[in-house]
Amino acid sequence: MTDAPTPEPTYEKLVFSGMQPTNTLHLGNYLGALKNWIRLQEQMPCIYCVVDMHAITVWQDPVELRRATREVAAAYMAAGVDPKRSILFNQSQVFAHAELAWIFNCVARLGWLNRMTQFKEKAGKNRENSSVGLYVYPNLMAADILAYKATHVPVGEDQKQHLELARDIAQKFNVDFGAPGFFPQPEPVITGPGTRVMSLRDGSRKMSKSDESEYSRINLTDDADTILQKIRKARTDPEPLPSDAKGLEGRPEAENLLNIYAGLADTTAEQVLSEYAGAQFSTFKNALADLAVAKLTPIAGEMQRLLAHPDEIDALLKRGAERAAERARPIMADVRRLVGFVG
Ligand code: AMP
Ligand code: TRP
């Protein structure tokens, strides 16, 4: 008789994701992450967090941090996060994140963190002068997810490496503390044509909040005129649009605009090409600008409306935090017991 394999533990499906309240959200955040968040609400319970503790890994002006936290919460809701259905809160209000992050600081290995490319990019030449928080940032991200035993994490492509680290931490914790299957292996959800939206000025760089050029990105708060200007000025090449995806090879700017169109229209780049094959970029940019204005300006309008009542946003975040803390409580009690803490 052979031993039956140990059955895989089953976990309740749960989504967790977050964004940092640093500057205004942009089209990359929307197409890479937020759009999937909205869709996932139809499929499983979701927890969406404004990760203010991640934000302070680089200097944030306190007044600006408070404003940006409310703005990001408003952006989530304006894009379609339903705070009744999903749990929406800011990270610093739920202490489990900081507590579990400390335990994970003691589980993760220096060698693992040394491989993180985002730290290398963000710290750059200034490594010695970076905060320690920036270095252990991925451990806090693992804690965000695992404090709820979340199973699905919708993010853009750039977060893949951090998710892999979270999986390694979960596994090492389970082994070290003799608790097989205690933490799940969270799955990245990286789907759609917008998983890596590039700068409008340089097709080899990611669209980013920290790019100095405003023309490199479309912000979720941009008005119709600004969107139009930015798309008109977006870098392209002199060739017309090709008839298939192969014709985009070596044309990163063209590929980026196509993916943006496909993301906004909820279709594929191939489908867009079948419509615009042979078109000049001047024509295509007009169509893209119309589409972007139609999709994004209602979000900006709704954000304005919500931000007119900051007290309501604060009350909502507080309620969300209470619900989140409630979910984390039994998991953290188990963690403390497993680690050997008294009390
Ligand atoms: P951050 O702005 O770094 O807090 O990122 C918030 C979310 O947006 C994460 O899931 C990122 O992966 C995603 N994201 C950020 N920039 C981009 C981009 N240029 N393209 C696609 N997704 C992005
Ligand atoms: N590190 C992510 C980013 O910069 C934000 C983040 C923090 C996050 N905690 C998370 C994303 C947990 C998903 C799950 O974009």
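Counting enclosed spaces in this predicted model turns up 1 cavity of 30 Å³ or more. There is about 40 Å³ of space inside it. The walls are made by Gln 118, Phe 119, Lys 122, Leu 134, Tyr 137, Pro 138 and His 162, with α6 and α7 as the elements that give two or more residues each. Sorted by class, that lining comes out as 4 nonpolar, 2 polar and 1 charged residues. Two of the names in this list, Gln 118 and Lys 122, come up again below, and so does Tyr 137.

On to the open space. The largest pocket holds about 1400 Å³, and 49 residues line it. Nearest its centre are Gln 20, Gln 118, Lys 122, Asp 158 and Lys 206. Gln 118 and Lys 122 thus belong to the lining of this pocket as well as to the wall of the largest cavity. A fair number of elements chip in: β1, α1 (27-40), α2 (52-55), α6 (117-123), α7, β4 (152-154) and α8 (160-176) each supply at least two lining residues. As for chemistry, the pocket lining splits into 17 nonpolar, 21 polar and 11 charged residues.

Both ligands turn out to belong to this pocket: ligand 1 sits in it, and the space taken by ligand 2 is the largest pocket too.

Take ligand 1 to begin with. There are 18 residues around it, and Gly 156, Asp 158, Val 197, Met 207 and Lys 209 come nearest. Asp 158 is also one of the residues lying nearest the centre of the pocket. Polar contacts reach ligand 1 from backbone and side chain alike. On the backbone side, an N or O atom of Gly 156 is 2.8 Å from an oxygen atom of the ligand, while a polar atom of Gly 28 lies 3.1 Å from one of its nitrogen atoms. From a side chain, Lys 209 places a polar atom 2.9 Å from an oxygen atom of ligand 1. Taken on its own, ligand 1 has 480 Å² of accessible area, and the protein covers 93% of that. The shell has 5 nonpolar, 9 polar and 4 charged residues; its largest share, 4 residues, is provided by α1.

Ligand 2 has 13 residues around it, and the nearest are Gln 20, Tyr 137, Met 141, Asp 144 and Gln 159. Here the contacts listed come from side chains. Tyr 137 has a polar side-chain atom 2.6 Å from an oxygen atom of the ligand, and Asp 144 has one at 2.6 Å from a nitrogen atom. Gln 159 adds a side-chain N or O atom that is 3.1 Å from a nitrogen atom of ligand 2. The protein covers 91% of the 360 Å² of accessible area that ligand 2 has on its own. Two elements, β1 (15-19) and α7 (132-146), give two or more residues to the shell, and α7 accounts for the largest share with 4. By class, the shell around ligand 2 contains 7 nonpolar, 5 polar and 1 charged residues.

A couple of residues link these sites. Tyr 137 makes a polar contact with ligand 2 and also helps to line the largest cavity. Gln 20, for its part, is among the residues that come nearest ligand 2 and among those nearest the centre of the largest pocket. At the level of elements, α7 gives residues to the cavity lining, to the pocket lining and to the shell around ligand 2.

Technical notes: Residues are numbered from 1 along each chain as its sequence is written. Chains are lettered from A and ligands numbered from 1 in the order in which they are written. This is a predicted model: local features need pLDDT of at least 70, side-chain atom pairs count only at pLDDT 80 or more; totals for chains, interfaces and linings use all residues. Side-chain values use heavy atoms; hydrogens and water are left out. A residue is near a molecule or strand if one of its heavy atoms lies within 4 Å of it. A polar contact is a pair of N or O atoms within 3.5 Å; within protein, one must be able to donate a hydrogen and the other to accept it, and residues adjacent in sequence count only if both atoms are side-chain atoms. Accessible areas come from the Shrake-Rupley method with a 1.4 Å probe; for residues, only the protein chains shown count as cover. On a 1 Å grid over the protein atoms alone, a cavity is a set of points where a 1.4 Å probe fits but cannot get out, and a pocket is an open set with protein on both sides within 12 Å along at least five of seven lines; lining residues have an atom within 4 Å of a point. A molecule sits in a cavity or pocket if more than half of its atoms lie within 2 Å of its grid points. Ala, Val, Leu, Ile, Met, Phe, Trp, Tyr, Cys and Pro count as nonpolar, Asp, Glu, Lys and Arg as charged, and the others, Gly among them, as polar. Grid points are joined across faces, edges and corners, and a volume is the space filled by probe spheres set on the points.
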